[in-house]
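Me: Let us go through this model by question and answer. Keep it brisk, please.

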Amino acid sequence: MKRRSIVNSLFLAIAVTVLLVWPLGLRAPAQQSSGSPPPLGSVVREYEMLSMPTATAYSVYTTNAATPHQVWYRIYGGNALFRQRLRVYQENAGPRPINQLPPESELQAEITDNDPTRWYRFAPETDVFTYYFDGDNRLTASSPWRDAFGVKIKRTRYTNGNRYEVDFEDHDSLDDFNDLRIEVVILQPA
């Protein structure tokens with residue numbers, strides 16, 4: 001009878017812990033943070049700014065399944081009238097069509113402001129992966145989240161990978177593309 005009581009108490013403790021932590025959105029740490037920037041190496045090529053006025057998110061992906069890669073990202077600011085949110089997904093698959101995100105089960109991180117952060121990095125992977133960076137905004141703390149109204153991207157190729165500056169727009173008139181600004185790095189030497 002005493003053993004049954006211990007098992008019941010243990011089960012109750014686990015259940016209470018899950019119920020307390022679940023609403024906070026805490027997940028097992030899928031990422032590490034770092035104060036140092038990713039080791040990109042030397043600049044090889046800078047590309048033209050790309051504007052995607054109908055995009056609500058941006059994705060980077062691998063095509064070389066044999067060479068290990070690692071993705072880093074950070075928010076480096078923004079000048080927004082509305083509240084901002086960055087959601088980051090990782091999916092072991094090729095990219096989806098524009099504005100189609102993976103299921104919530106692939107969500108790895110959520111940051112609900114546009115204050116600068118330290119670098120976050122995923123564990124190194126080998127295979128085809130796609131990483132989605134979804135910029136959302138809302139008018140007030142109680143209003144629902146809505147998708148970004150457009151994205152601008154600046155890509156730079158380095159000896160050890162690619163760096164993307166991704167700027168989200170939160171206004172339907174596409175005014176400045178500086179509301180939520182992130183950097184994404186995919187380390188994968190050519």
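Me: Over the ring of which residue does the charged end of arginine 155 sit?
Reply: This is a predicted model. A charge counts as over a ring if CZ of Arg is within 6 Å of the ring centre and within 35 degrees of the ring normal. The charged end of arginine 155 is 4.1 Å from the centre of its partner ring. That ring belongs to tyrosine 47.

Me: How far is the charged end of arginine 146 from the centre of the ring of phenylalanine 82?
Reply: Here the charged end sits over the ring of phenylalanine 82. The distance from arginine 146 to the ring centre is 4.9 Å.

Me: Is the pair of tyrosine 73 and phenylalanine 122 stacked, edge-to-face or tilted?
Reply: The search of the whole structure finds seven aromatic pairs. In the pair of tyrosine 73 and phenylalanine 122, the centres are 6.1 Å apart and the planes make 40 degrees. Stacked needs under 30 degrees, edge-to-face over 60. The pair is tilted.

Me: How many residues apart in sequence are the parts that this pair ties together?
Reply: Both tyrosine 73 and phenylalanine 122 are buried. Tyrosine 73 lies in strand β5 (residues 70–77), phenylalanine 122 in strand β8, so the pair ties together parts whose separation in sequence is 49 residues.

Me: Which residues do ring pairs link into a cluster?
Reply: Tyr73 and Phe122 belong to it. The full cluster is Tyr73, Tyr120, Phe122, Phe129, Tyr131 and Phe133.

Me: Which strand gives the largest share of the largest nonpolar core?
Reply: That core has 26 residues, and Tyr73, Phe133 and Ile182 touch the most other members. Phenylalanine 133 touches residues including Tyr73, Leu86, Phe168 and Ile182. The largest share of the core is four residues, from strand β13 (residues 180–187).

Me: Which residues are included in the second, separate core?
Reply: The second core has six residues. Among them are Leu40, Trp72, Tyr158 and Leu187.

Me: Why does asparagine 99 count as partly exposed?
Reply: Asparagine 99 is in the loop between β6 (83–91) and β7 (107–111). Its phi is positive, near 65 degrees. Buried means under 20% and exposed over 50%. Asparagine 99 counts as partly exposed because its relative accessibility is 38%.

Me: What is the phi of aspartate 127 near?
Reply: Aspartate 127 is found in the loop between β8 (119–122) and β9 (130–138). At 31% relative accessibility, aspartate 127 counts as partly exposed. Its phi is positive in a residue other than glycine, near 145 degrees.

Definitions and conventions: Residues numbered from 1 in each chain as written. Predicted model: local features only at pLDDT ≥ 70, side-chain atom pairs only at ≥ 80, totals over all residues. Heavy atoms only, no water. Core = buried A, V, L, I, M, F, W, Y, C linked by side-chain atoms within 4.5 Å. Buried < 20%, exposed > 50% of the residue type's maximum accessible area, 1.4 Å probe, protein only. Helix = DSSP H or I, 4+ residues; strand = E, 2+ residues; numbered from the N terminus. Contact = heavy atoms within 4.5 Å. Phe/Tyr/Trp six-rings, centres within 6.5 Å; stacked < 30°, edge-to-face > 60°. Lists of a residue's contacts leave out its neighbours within four places in sequence.
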